[in-house]
Amino acid sequence: VTLRLHWSPDSANLVVRIALEELGLTYEPVRVDRSRAAHKAPAYLKLNPQGLIPVLEDGDLVLFETGAILLHLADRTGRLGPEGPAARDPQARAACLKWLFYLSNTLHADLRAAFYADRYVAEAAVPALRDGMAARLKGHMAMLEGVLAPTGWLAAATPTLADFYLAVCLRWAQIYPTGRPVLAGGAGFPRLGSLMQAVEARPAALRACAAEAIPGRPFTKPEPPALPVEQVRG
Ligand SMILES: N[C@@H](CCC(=O)N[C@@H](CS)C(=O)NCC(=O)O)C(=O)O
């Protein structure tokens, strides 16, 4: 069965693509042209009625939501990360799920509100929303810094899919507009910095980034994809 990943450069699909590469799964990438709002067209809305990227097709199964897709990949391979632990290990699974939910409903959601503030409130309120979100994001960074072990991962002794989700959120927090800087180069957050370095040292993660035109050091010195901006945001 072919896995099909609907993607756009540096969108949330980057998390899924890293997971696919790390787990050694082959997949067919299907480009969604954001500059033409292809993700709002009827054909795509059949796959994800929210009109959001990514979607993963696994045969007849059509999945949206990054966190749900990651969990499916863990179940499909029996592993929560490339080096384990086993997806059916109840303790490890619960620890990983805890962070997947946090990343999905808090960190990623707050990043979205900061980046797309103009979709949440009237124009006059955008700076205030951005300010509020930047303060929340700083709080998330401090909390994460506090819970990570010095060279640690979120949920296990080896990286799980939650760590890749976190690394991508940290990448975005540095390069897309949040109103105020929340994590410039990882300064002041050594443990977040180590996690980003450790992900950046992994060939599979770098392969995923390269496939999305993301150059250089995608986490510790992130830059937007080397593409016209309308192909990236929108
Ligand atoms: N909760 C969703 C969020 C996905 C999401 O925000 N996708 C963005 C790209 S990073 C998107 O499709 N944006 C286009 C839009 O908001 O219209 C998930 O985790 O999959």
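Pro 54 sits in the loop between helix 2 (42-47) and strand 3, and that is where our tour begins. Please keep in mind that this is a predicted model. From this proline we will move on to another proline, two alanines, a helix, a pocket and a pair of cysteines.

**Two prolines with cis peptide bonds**

- The peptide bond that leads from Ile 53 into Pro 54 is cis, and its omega is near 15°.
- Another cis peptide bond links Gly 84 to Pro 85, this time with omega about -5°.
- Pro 85 also belongs to a loop, the one between helix 3 and helix 4.

**Alanines with a positive phi**

- Ala 37 is not a glycine, yet its phi has a positive value, near 55°.
- You can find Ala 37 in the loop between strand 2 (27-31) and helix 2.
- With a relative accessible area of 34%, Ala 37 is partly exposed.
- Ala 213 is likewise a residue other than glycine with a positive phi, here about 60°.
- To spot Ala 213, look at the segment after helix 9 (203-211).
- Ala 213 has 26% relative accessibility, so it counts as partly exposed.

**A walk along helix 3**

- Helix 3 contains twelve residues, and from its first C-alpha to its last it reaches 17 Å.
- That span is close to the 16 Å expected at 1.5 Å a residue.
- The buried residues of helix 3 are Thr 66, Gly 67, Ile 69, Leu 70, His 72, Leu 73 and Ala 74.
- What do these buried residues of helix 3 pack against? Their partners are helix 1 (13-22), strand 3 (55-58), strand 4 (61-64), helix 4 and helix 7.
- Just after helix 3 comes Gly 78, with a positive phi near 75°.

**The largest pocket**

- The largest pocket holds about 460 Å³ of space.
- Its lining is made of 28 residues, and those closest to the centre of the pocket are Ala 12, Leu 52, Ile 53, His 108 and Arg 112.
- Ile 53 is worth a second look, as it is one of the residues closest to the pocket centre and also forms the cis peptide bond to Pro 54.
- Helix 3 (66-77), helix 4 (90-115) and helix 7 (161-175) each contribute at least two residues to the lining of this pocket.
- Which helix gives the most to the lining of the largest pocket? The answer is helix 4, with six residues.
- Sorted by class, the lining has eleven nonpolar residues, ten polar ones and seven charged ones.

**Cysteines without a disulfide**

- A disulfide is a covalent bond between the sulfur atoms of two cysteines.
- How many disulfides does a search of the whole structure find? The search finds zero.
- Cys 169 is in no disulfide, and the nearest cysteine sulfur, which belongs to Cys 209, is 13 Å away.
- Cys 209 is in no disulfide either, with the sulfur of Cys 169 as its nearest cysteine sulfur at 13 Å.
- A pair of cysteine sulfur atoms must lie within 2.5 Å to count as a disulfide.
- Is Cys 169 buried or exposed? Cys 169 counts as buried because its relative accessibility is 0%.
- Cys 209 is buried too, with a relative accessible area of 1%.

Notes
Residues are numbered from 1 along each chain as its sequence is written. This is a predicted model: local features need pLDDT of at least 70, side-chain atom pairs count only at pLDDT 80 or more; totals for chains, interfaces and linings use all residues. Side-chain values use heavy atoms; hydrogens and water are left out. On a 1 Å grid over the protein atoms alone, a cavity is a set of points where a 1.4 Å probe fits but cannot get out, and a pocket is an open set with protein on both sides within 12 Å along at least five of seven lines; lining residues have an atom within 4 Å of a point. Grid points are joined across faces, edges and corners, and a volume is the space filled by probe spheres set on the points. Helices (H or I, at least four residues) and strands (E, at least two) are DSSP runs, numbered from the N terminus. Ala, Val, Leu, Ile, Met, Phe, Trp, Tyr, Cys and Pro count as nonpolar, Asp, Glu, Lys and Arg as charged, and the others, Gly among them, as polar. The expected span of a helix is 1.5 Å times one less than its number of residues. Buried means under 20% relative accessible area, exposed over 50%, partly exposed in between (1.4 Å probe, protein chains only). Contact means heavy atoms within 4.5 Å.
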